[in-house]
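Open the model in a viewer and keep the selection tool at hand. The stops below say what to pick and what to look for.

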Amino acid sequence: MKHTLLALFAIAAGFLVIPYSAYAHHGFAGFDRNSVVTYEGTVTDFHYVNPHSVVEFDVKDDKGQVQNWQGEMTSPSHLAPLGWKASSLEAGDHVTVSGYRAKNGRPTLWVTKIIANGKEMKIDWKD
Amino acid sequence: MFTAAAFCQAAGDAGIPVTNELVIAKCGACHTRDEHGIMQRISWERSTPEGWQEALKRMIVLDGVTITPPEARTLVGYLSTSHGLAPEEARPVMYDAERRIPDEDSIPYKIRNACTKCHSFARALSWRRSADDWKVFIDAHAAQFQVPHPEEIVAYLTKAAPLHTPAWDAWSAQNTKPPNITGRWLLTASLPGRGKYFGQIEVEAAGDDDYNTHAVLTSVNDGAELLRVGRSVVFGGYAWRGRSQGANAGEQKPDDPNNQTREALWIAPDQSMAEGRWFWGHYQEFGFNVKWRRPSKNPTLLLLDRASFKTGSQANRVRLIGDRFPVGATPADLNFGSGVTVKRVISNTVTEIDAEVDVAADAAIGRRDVTAFGSALSGAIAIYDRVDYVKVVPESSLAAFGDPTHPRGYQQFEAVGYQRGPDGRLHTPDDLDLGPLDPGDLTWSVQVFHEDDEVNKNVVGDVSATGFFTPAAQNPNANFDVWVTATAKDEKNKNGRPLTGKGYLVVTVPSYTFRGHRYVRDLDHWIDDGPATPGGH
């Protein structure tokens, strides 16, 4: 189901008036696109699915507290031509993730760049 | 030689003559026919019953063709037989008739992307056309729907889906008499959330390509019996399309397996087996995965009630379901491969053997065949030593809020255990599927993206202890991204945390209005349902 659902997701996201939540599926209104933040951490899970692939990763702050972050990306249809697979990231991988942070302060960002185990993985994200 | 009326088809493509009087009468006003029986467009095309049905609907709506339901069935029956697909051509696109939403990743991205913005690629590959007819079709499609790269799409489809193929030539020569499908079939099925079923189905002839059915299915999980009565048609000698109804008709829950189902099956050319889906629900979200087999004179092993054994485990109970098992089975009649010892047969009927097995600590990890009385079931059991991860399936899915004219769309989830394969990476093809985890070993939860409070459950919906998601009763007029999470009670990761798996669910509105038109959901796409009514949607 990695591709065919995309049409429905895309149209739904684009056309709907969304009164309930800025995060209801799923424009970018909920992300602060005026600044890019970068976090370093350890992957806890990777979901290579529609409508958005998602990397979950733990980030340790200066005090040693660990917070789990969710980094959202485009769909497998867009990532696959760039070499992505379901196994591209897995728990334990070291990542540096850059992107637009959620405006509501939740530990979520829209990924614009990702480096895994020292190697940049192309996303080809265009604003 | 074809005349000019054969419409400038390229050399090498011989049109298929149309001989059916009703087709000639109903279609001939627009699709002219030459002295060789070649009709414009129709002679240069082949398709599935669904493809021809869709074409016929288009002619009725757009071109004012008048036709009765029996005439429509005759037309679809003739066209999907004389201008149909060979079974081997139809099988790869059966998921479209079965109303499934699988990956279509084998199609080149640029080609696929142009088509699947509006429909599955299976819909394109449900047709076979001459090179000229693909060009006519794609050019018209590109003009109407702004399809990008039309030349490349024509080139791809002309090569991938030509009018003439060896498979079609062989099948059209062979398919001259009704299929031999009456009588008793062995039946196995699985229903997400309810597990495996076994039983039998009796097929009786009921006229020209019509058949009545009586099916009995028994749940492997709880022994519950389902009786289903149905009626179906076979198009083109192999395309089973019908309906059946459970015996316990009446007020039913949405996921009740007694609901009326549509049936879409592919019958093998040698008529030894058939497989497909019996499905129901407003979005066809519920369905049995069904397989029929002709009974053998010999014992036949059909399925096991479990999918895996752990190394070093003792006294594992396992039920082997089949047909014509001799009574009086002994451990020597069963074989699970090296390292798995059948300690005893606990009970044995002609359809079931209940056995107890021990698994050696050093039994080889992997999938293996199981044999009962010489009947082998390929890859029936997996031997594992740990659960590395839990996958929630479907990994990506849809549910829908309801409104006064649309019932809610539901989603059943399962959590499947996996052990990583020899390559050492997670989520690769060599990973070992250990089967669905028992709901009693799991807890399920939902979480709306970017939120962490319980309030959203009331807005979006909730998942039951068996992984069944029910959208909220009120339509909030918004789509939501939701994680549906299964957490294993006993299985832990290497850090000692419970193993979890997540499914990405989008809960959609049932319809919306855009630029004066109303759009409604059909499986995985939005369909323009015409102008929105004033004061309405």
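The tour starts with chain A and then moves through parts of chain B. Keep in mind throughout that this is a predicted model.

**Stop 1: chain A**

Select chain A, which has 127 residues, 46% of them buried. Colour the chain by secondary structure to see two helices and six strands. Followed from the N terminus, the order of these elements is α-β-β-β-α-β-β-β. Among the contacts in chain A with a separation of 6 or more, 54% are between residues 24 or more positions apart.

**Stop 2: helix α2 of chain B**

Now select residues 49-63 of chain B, which form helix α2. From the first C-alpha to the last, this helix of 15 residues reaches 20 Å, close to the 21 Å expected at 1.5 Å a residue. Which residues of α2(B) are buried? They are Pro49(B), Glu50(B), Gly51(B), Trp52(B) and Leu56(B). To see what covers these buried residues, show the surrounding elements of chain B, including β1 (45-47), α3 (69-82), β6 (225-235) and β7 (239-246). Then step just past the end of the helix to Gly64(B), which takes a positive phi of about 70°.

**Stop 3: strand β26 of chain B and its partners**

Select residues 468-471 of chain B, strand β26, and show the side chains, which alternate along the strand. Phe469(B) and Pro471(B) point to one face and are buried. Phe468(B) and Thr470(B) point to the other face and are not buried.

Add strand β25 of chain B, residues 461-463, which runs antiparallel to β26(B) and is joined to β26(B) by three bridges. One pair to pick out is Asp462(B) with its bridge partner Thr470(B). The two strands form a hairpin with four residues between them, and here Gly467(B) has a positive phi near 85°.

Next add strand β21 of chain B, residues 411-412. Two bridges join β21(B) to β26(B), and this pair is antiparallel as well. Select Gln411(B) and look across to Phe469(B), its bridge partner in β26(B).

**Stop 4: the largest nonpolar core**

How many residues does the largest nonpolar core have? The number is 151. To find those with the most contacts inside this core, select Leu187(B), Leu320(B), Ile381(B), Val482(B), Val484(B), Leu505(B) and Val507(B).

Finish by centring the view on Ile381(B). Leaving aside residues up to four places away in sequence, Ile381(B) touches Leu304(B), Ala307(B), Ser308(B), Phe309(B), Phe336(B), Arg368(B) and Val370(B).

Terms used. Residues are numbered from 1 along each chain as its sequence is written. Chains are lettered from A and ligands numbered from 1 in the order in which they are written. This is a predicted model: local features need pLDDT of at least 70, side-chain atom pairs count only at pLDDT 80 or more; totals for chains, interfaces and linings use all residues. A residue is buried if 20 or more other C-beta atoms lie within 10 Å of its own, exposed if 12 or fewer, and partly exposed in between; C-beta atoms are placed from the backbone. Two strands pair if DSSP finds at least two bridges between them. A nonpolar core is a set of buried Ala, Val, Leu, Ile, Met, Phe, Trp, Tyr and Cys residues joined through C-beta atoms within 7 Å. Two residues are in contact if their C-beta atoms, placed from the backbone, lie within 7 Å. The expected span of a helix is 1.5 Å times one less than its number of residues.
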